[in-house]
Amino acid sequence: MTKKFVSMFLALVMCLSLAGISASAIEDASAFAHPVIDFEGEMKFFPFVYTDADEWAWARELIGDCGICFPGYLYLQDLTTKEITKIIDDPVDMFRSDNEILYCLVNGTSIIRTNYWGENRTLLYTSQYGGLSNLEYWEGILLFSDGDHVIRFDVAANNGADMGTYEGIAAIYMAEDTSFTWADAKGVEYLRSADGQDEVIPKIACEIAEFFEPTEIPLENPNVDVAVPYAASVPIVFPLSEYPAGSYFTKNGEACTDHHTKGCPSSTCNCRYYRGGSQCEGFGRYVLDRYAHVPLATNSGWYAASNSHRHDNTITFRNTEDVKLFFQGSEYANYGTYLRLNSAHTVIIADISSTSVTLYDANYSTSDFCVVKLTERTYEKFFSISNFRTITRIVAHSFTGTVEQATAKYHKVQCSCTGYDGGSCGGYTYVEHAAYTPGKNATCAYCGYVGEIWNWAPVIAE
């Protein structure tokens, strides 16, 4: 196939009208075989658009040597060999993924579908109204802006629909059915319903409620309560027994119906304080202490910026892949980690999978104030929430300290971080015994306990 023929073929495809868009193959599949990827298992390959932006420095550290990388191009890293290969020769503004399939916005003018190795490339759409941006993908549907138009493209049907014009589009987020949300340059978000009507989306309640959040509660406050946790000799799991999903982080355990009428947070409303925080912030601090068996003390201070618990570099997610890279690759993203999102909402990580993250939080509601939730969100859904796109504070325990015998099933591992005042953290977790030679009379490789152990130590150690 000559270069002239390829040019003529591409020109013909780019002239197709929106109503008759048809996916046209640009390149046949390679004859080379590639490994079958288990997307429910460990992450083996990482596609990324390279950038030298300061806020992406943490990602470059994870990637390692990228001497062949140029900003604005799409690459694939083999996480086993660390080998990096360019996927597409043209600059890629952004991309979205569906397992191995990548949807790439190229040069602001076209959207191409390909796989991790740049094979089976298919031109799906070319710009008709002035330039493409704000690409999103969800369950077979691409949503993006073309100039001031929003286009909804059905990948399986190979055609698109013009959803109308929206002046000053700055962002688009997926919603159910044919509705979606969009934001203008001022950050005002709107819900566009299936019948074409716009409705302004109010800011989340946590932002409003915590505007008045005090940094510390006076010791003499008689309304502050201290909860004593039950004795535990097993790992702490979420949700906590005292705060299951649907319960309330309040003084009396009931809904906070006086959330605004009494000026919450204050000593007169039903919101609960903990270590100087209330609502989602107080709940996050409480759960972090419970997770590490740290003694609960409402009026004690919290982790200072100088503490080794705390990581304060702001992390900004530019796309879904950034979110996935953080939760699957950052040393700070672990079970029980506290995250402060956009300085507006606090969550605790309750689970991480290859496709989603589960968050444990309170007060993420515009009506049911202080309610506790355990919510699983795909990485795409996480990124679609504008207030989740920046992490401004991370607090996590590091259980790499002293190991002590505890029970016939678990040993204790102390938190190796410093505490509130520079002393010992005092926190710990429980880990199941593991032996180099498991059996009915085995020796734990970590604490020396002798008994029935069936866990293999090197696996646990990894």
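A residue counts as buried when its relative accessible area is under 20%. Cys-447, at 14%, is therefore buried. The model is predicted.

## Cysteines

Start with the sulfurs. A disulfide needs two cysteine sulfur atoms within 2.5 Å. By that rule the count is 1 disulfide. Cys-66 and Cys-69 form it, with an S to S distance of 1.5 Å. The torsion about their S-S bond is about -60°, so this disulfide is left-handed.

What about Cys-444 and Cys-447? The closest cysteine sulfur to that of Cys-444 is in Cys-447, 3.8 Å away, which is too far for a bond. The reverse holds as well: for Cys-447 the closest cysteine sulfur is in Cys-444, at 3.8 Å.

The table gives the accessibility of these four cysteines.

| Residue | Relative accessible area | Class |
|---|---|---|
| Cys-66 | 11% | buried |
| Cys-69 | 8% | buried |
| Cys-444 | 4% | buried |
| Cys-447 | 14% | buried |

## Nonpolar cores

In soluble globular proteins, nonpolar side chains tend to be buried together. Here the largest nonpolar core holds 23 residues. Phe-238, Phe-249, Phe-283, Tyr-286, Val-287 and Tyr-360 have the most contacts inside this core. Three elements each give two or more residues to the core: helix H4 (279-291), strand S22 (345-352) and strand S23 (356-362). Which element gives the most? H4 does, with 5 residues.

Tyr-360 shows how such a residue is surrounded. Setting aside neighbours within four places in sequence, Tyr-360 contacts Phe-238, Pro-239, Leu-240 and Tyr-243, among others. Its contacts also include Phe-283, Val-287, Val-347, Ile-348 and Ala-350. Val-372, Lys-373 and Leu-374 are on the list too.

Another core lies apart from the largest one. This other core has 20 residues, including Leu-341, Val-357, Tyr-379 and Ile-391.

## Aromatic pairs

The rings come next. How many aromatic pairs are there? The count is 28. One of them joins Tyr-274 and Tyr-286 edge-to-face, at 5.4 Å centre to centre with 85° between the planes. Tyr-274 lies in strand S17 (residues 273-274) and Tyr-286 in helix H4, so this pair ties together parts 12 residues apart in sequence. Are these two tyrosines buried or exposed? Both Tyr-274 and Tyr-286 are buried.

Phe-317 and Phe-326 make a tilted pair. Their centres are 5.8 Å apart, and their planes meet at 55°. Phe-317 is buried at 3% relative accessibility. Phe-326 is buried too, with a relative accessible area of 0%.

Ring pairs also build a cluster. Its members are Phe-238, Tyr-243, Phe-249, Tyr-274, Phe-283, Tyr-286, Tyr-291, Tyr-335, Tyr-360 and Phe-399. Among them, Phe-238, Phe-249, Phe-283, Tyr-286 and Tyr-360 also appear in the list of residues with the most contacts inside the largest core.

## Charges over rings

Two basic side chains sit over aromatic rings. Lys-86 lies over the face of Tyr-73, 4.7 Å from the ring centre. Arg-389 places its charged end over the ring of Phe-383, 3.9 Å from the centre.

Notes:
Residues are numbered from 1 along each chain as its sequence is written. This is a predicted model: local features need pLDDT of at least 70, side-chain atom pairs count only at pLDDT 80 or more; totals for chains, interfaces and linings use all residues. Side-chain values use heavy atoms; hydrogens and water are left out. Buried means under 20% relative accessible area, exposed over 50%, partly exposed in between (1.4 Å probe, protein chains only). A nonpolar core is a set of buried Ala, Val, Leu, Ile, Met, Phe, Trp, Tyr and Cys residues joined through side-chain atoms within 4.5 Å. Helices (H or I, at least four residues) and strands (E, at least two) are DSSP runs, numbered from the N terminus. Contact means heavy atoms within 4.5 Å. Rings of Phe, Tyr and Trp (its six-membered ring) pair if their centres lie within 6.5 Å; planes under 30 degrees apart count as stacked, over 60 as edge-to-face and the rest as tilted. A charge sits over a ring if NZ of Lys or CZ of Arg is within 6 Å of the ring centre and within 35 degrees of the ring normal.
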